[in-house]
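Hi everyone, thanks for making time. Let me put the structure up on the screen, and then I'll walk you through it.

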Amino acid sequence: MGRKHLFGILYVCLTVSVLAEVVNFHGHDLWQTIPGFSALYGFIGCIFIIAASKALGHYWLQKEEDYYD
Amino acid sequence: MIEWLHPGLIFILGALLIPVLKGKWKQIYLLLLPIAALIDLLYMSKGVFWRLPLLEYELVFGRVDQLSLVFGYVFVIAAFCMTLYALHVKEDGQHVSAFLYVGSTLGVVFAGDLFTLYLFWEVMAFSSLFLIWYRKTKASSEAGFRYIMVHIFGGICLLAGIILHLQNTGSIAFDSFNWGTGWGYLSSYFIFLGFLINAAVPPLHAWLSDAYPEATVTGAVFLTAFTTKSAIYVLIRGFPGVELLIWLGAIMAIYGVIFAVLENDARRLLAYSIIGQGGYMIAGIGIGTAMAINGSIAHALCCALYMALLFMGAGAVLEMTGRSKFSELGGLYKYMPLTFWLYMIGAFSISGFPLFSGFVSKTMVVESAALMHQPLVWLLLEGAAIGTFLVAGLKLPYLTWFARKDKRPIAEAREPPKNMLAAMGITAFLCIFIGVYPQALYGILPYSLDYAPYTATHIIGMSQLLLFTFVAFWMLRGMLHGERTITLDTDWFYRIWGRKFIWFCEKPLLNFADSVDDKVRRIADSFVWFSKNPSVASRIMLLTASTVLLKPFNPNPVYMRYAQDLEELRRLYPGEVHRVAIGSGVLLVLLFFTLYLVIYLTYGVLWV
C-alpha cells in the first residue's frame with residue numbers, strides 16, 4: 001500500500017466526515033450547528049497553533065541550548 | 001483475620017524485600033506485588049478503615065469509596081504495566097523508589113484525613129526524586145534539585161493550609177473545603193496552591209517539564225501517572241466546582257500544546273502533553289457537574305495509561321539509540337516498526353480518535369463545557385485537542401520514525417527488550433479496550449452517568465477535527481522540524497533569579513558578614529590585650545589620650561616625656577604583672593560569696 005493509497009483513503013474520509021454531518025447535524029449552540037465547523041476549526045486551528053507558537057518561540061522563548069549554563 | 005489491608009502498604013513494605021531477592025525471583029516478585037495489590041482492591045469493601053488515634057485527632061488511613069477505589073484500580077494497573085516495562089533494570093534502588101512512589105500515591109488516595117494526606121504527599125515527592133536522580137547525569141541531578149525544591153514549597157503550602165484549617169474548624173477530616181474570597185478562606189487558598197503545584201497548573205507547572213524528561217527511561221514512565229493524577233484526585237475531593245479551575249484548565253490545555261510545538265526533546269514534548277491533558281481534568285473539576293467530574297475522573301484514568309504508553313515509546317527510542325532530540329532522530333521506522341505502532345495506539349488515544357480511550361473520556365469534559373454554554377472554554381478545549389494530535393500524534397512520530405533529510409538512518413537501532421514491548425502491548429490493549437468497550441470504565445465512575453460517547457455528532461465532529469488537523473500538518477510539516485534550542489518557561493524565574501540570589505549571598509552578603517566579623521574580633525582582641533596587664537594597659541590608654549591631646553603643641557617637653565614613656569611601656573607590655581598572694585584571691589572569693597549570701601537572705605525581707 002503506497003503513499004498514494006493512503007492519501008486516497010484520507011480524501012475519502014475527509015469527504016465522508018463532512019457529508020455525514022450535512023445529513024445529521026444538531027448541537028447545543030450556534031457554532032456547533034454550522035456544518036463542517038469542526039473541519040474548518042481543525043484546519044485553521046492547526047495552522048494557527050503552529051504559526052502562533054513558532055512566532056512566540058522565535059521572537060521570545062527559544063534560546064540556545066546552553067542558555068542556563 | 002485482617003479486616004482491611006492498605007494496598008499502598010503492599011508496595012511500601014514490599015519494596016523493602018526487593019534488594020534481598022536475586023535474578024528471576026526478583027522479577028517474579030516485582031510483578032506479583034501489583035497483582036497482589038489489585039486483588040486486595042478487588043475484594044475491598046467500602047467504608048472507613050484503619051483509624052489510628054494521634055493525640056486528640058484521629059488518623060484515617062483507609063477511606064474507601066467509589067472515588068478512591070477508581071483511582072486505586074488505575075494506579076495499580078498502571079503500576080503493573082510500568083513494572084513490567086522496568087523489569088530489566090538491574091539497580092534495586094530504582095525499583096525500591098518506584099514502589100515507594102506508587103505506595104505513597106495509594107496512601108494519598110485512601111487518606112481520610114489531612115495529616116495522613118500530608119504524610120504520604122511528602123513521601124511521594126521524595127521517593128519520586130530518586131527516579132530522576134538515578135539517571136546520574138549532571139542535568140538530571142540539577143533538575144532533581146529544582147524538582148524537589150518546588151515540591152517542598154508545595155508541601156509547605158499544604159501544611160500551612162492544613163494547620164490554618166485545623167485552627168479554623170478544629171477538624172482534620174479531608175472533605176471539600178470552603179471556597180470564597182477573603183481572608184477567612186486563607187487556609188483553603190494554601191491547600192489549593194499545594195494541590196495546584198502537584199497538578200502542574202501554569203504558572204506552577206515548570207517542575208514537570210523540567211524534571212520528567214531528565215529522569216531515567218523507566219522512571220519517567222512511573223512519573224507520568226502518579227503525581228499529577230493524584231493531584232486531580234485531591235482537587236476533586238477538595239475543590240469541586242471552583243469556577244477558577246475552569247479557566248485555569250482551559251488555559252493549561254492550550255499552554256501545554258504551544259510549548260510542545262516548540263520542543264526539540266521527545267520526552268519533554270510529552271511532558272508538555274501531560275500538562276495539556278491535565279487541563280481537561282482541571283476544567284472538568286471546575287465545571288463541577290456530575291458529568292464533568294465523571295469526565296475528569298475518566299480522563300485521568302485514560303491519561304494515566306496512554307501517557308505511560310507514550311513515554312514507554314519515547315523511552316524505548318532513547319534506550320535503544322541514546323537520543324531523544326528531534327534534531328538527532330529520524331528514519332527509525334525501518335528498525336523499530338513495532339515500537340512505532342504501539343506508540344501510535346497511545347497517540348491515537350491521547351488525540352481522542354474514536355475507538356481509542358481518549359475519545360470516551362475527553363469528549364465527556366468537552367461536552368459538559370458545551371452544556372454550560374461557555375463557548376470560549378469549549379473552543380480552547382477543542383483547540384487543545386487539535387494541538388494534542390498535532391504534537392503527540394503527528395510531530396513526534398513523524399520526526400522520530402520518518403522524516404530524514406539525508407537518506408541515511410541517523411541512528412541504527414533495533415526493537416527494545418521483550419519486557420518493554422510486552423508492557424507497551426498490555427498498555428496499548430487497555431487503551432483500545434476502554435475505547436471499544438467504554439462501559440467497563442463508565443461502570444466504575446462514582447456518579448451515575450447518562451452519557452453516550454459514540455453518537456453520530458461526536459464521531460463526525462471528532463473525525464473532522466482530527467482529519468483536517470492532519471491536512472494542515474502535512475502542508476506545514478516543514479515548519480515543525482527539530483530546532484536545537486530550549487524553550488524558556490516559568491522555571492526561568494527561579495533558575496535565573498535563584499542564581500542571582502546565590503551570587504548575592506556569596507558576594508555582597510558574605511563580604512558584609514566578614515567585615516562585621518572582623519570588627520567584633522578586634523574588640524575581643526583589645527579585651528584580651530587589656531586583661532593581660534590591666535594597670536599598665538590603663539596607663540598606656542591614658543598616655544595615648546594625653547599624647548593625642550598634646551600633639552598640636554609639639555615640640556613641648558611634657559609631650560616628649562609622655563611619648564617616650566608610652567613607647568617604653570608599649571615595648572615592654574605586658575611586662576611584669578603585679579602579683580598578689582594566693583590568700584588575697586581566696587579572700588576576694590569569700591567576700592563575693594558573703595555578699596551573695598547577704599543579698600539572698602535579705603531579698604524579699606528588706607528590699608524587693
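I'll go through chain A, then how it meets chain B, and then a few spots in chain B.

One thing up front: this is a predicted model, so keep that in mind as we go.

Okay, chain A. Its secondary structure comes to two helices and one strand, and if you read along the sequence you get the pattern α-α-β. The chain has 69 residues, and 19% of them count as buried.

So which residues of helix 2 of chain A, residues 37-61, are buried? The list is Ser38(A), Ala39(A), Tyr41(A), Gly42(A), Phe43(A), Gly45(A), Cys46(A), Ile49(A), Ile50(A), Ser53(A) and Gly57(A). And what covers them? From chain A itself, the cover includes helix 1 (3-23) and strand 1 (62-63). From chain B, it includes helix 10 (244-262), helix 15 (375-402), helix 18 (456-476) and strand 3 (486-487). In other words, both chains help cover that helix.

That takes us to the place where the two chains touch. Here 36 residues of chain A are in contact with 37 residues of chain B. On the chain A side, helix 1, helix 2 and strand 1 each supply at least two residues. Helix 2 of chain A gives the largest share, 15 residues. By type, the chain A side splits into 17 nonpolar, 13 polar and six charged residues.

There's strand pairing across the chains too. Strand 1 of chain A and strand 3 of chain B run antiparallel, joined by two bridges. If you want a spot to look at, find Lys63(A), which stands opposite Ile486(B) in strand 3 of chain B.

Now over to chain B. It is divided into domain 1, covering 240-481, and domain 2, covering 490-532. Taken over C-alpha atoms, the centres of those two domains are 52 Å apart.

Let's go to the hairpin. Strand 1 of chain B, residues 47-54, and strand 2, residues 57-64, run antiparallel with seven bridges between them. Among the facing pairs, Gly47(B) has Val64(B) as its bridge partner, and Phe49(B) stands opposite Gly62(B). Two residues sit between the strands, and Leu55(B) in the turn has a positive phi of about 50°. Is strand 1 of chain B buried or in the open? Of its eight residues, the number buried is zero, so strand 1 of chain B lies largely in the open.

Next, a helix pair. Helix 3 of chain B, residues 66-85, packs against helix 12 of chain B, residues 290-321, at an angle of about 5°, with the axes 10 Å apart. Because angles under 35 degrees count as roughly parallel, that is what we call these two helices. Helix 3 makes the contact with Val70(B), Val74(B), Ala78(B), Cys81(B), Met82(B) and Tyr85(B), and helix 12 with Ile297(B), Leu301(B), Ala304(B), Leu305(B), Ala308(B) and Met312(B). Those contact residues are twelve nonpolar, no polar and no charged.

Last stop: Leu9(B), in helix 1 of chain B, residues 7-17. Leu9(B) has 18 other C-beta atoms within 10 Å, so it comes out as partly exposed. Its C-alpha atom is 6.3 Å from that of Gly103(B), although the two residues are 94 residues apart along the chain.

That's my tour, so over to you.

How values were computed. Residues numbered from 1 in each chain as written. Chains lettered and ligands numbered in written order. Predicted model: local features only at pLDDT ≥ 70, side-chain atom pairs only at ≥ 80, totals over all residues. Domains from an automatic or database assignment. Buried ≥ 20, exposed ≤ 12 C-beta atoms within 10 Å, placed from the backbone. Helix = DSSP H or I, 4+ residues; strand = E, 2+ residues; numbered from the N terminus. Contact = placed C-beta atoms within 7 Å. Nonpolar A, V, L, I, M, F, W, Y, C, P; charged D, E, K, R; others polar. Pairing = 2+ DSSP bridges. Axes fitted to C-alpha atoms, helices over the stretch in contact; angles between N-to-C directions. Parallel < 35°, antiparallel > 145°, perpendicular 65-115°, else oblique.
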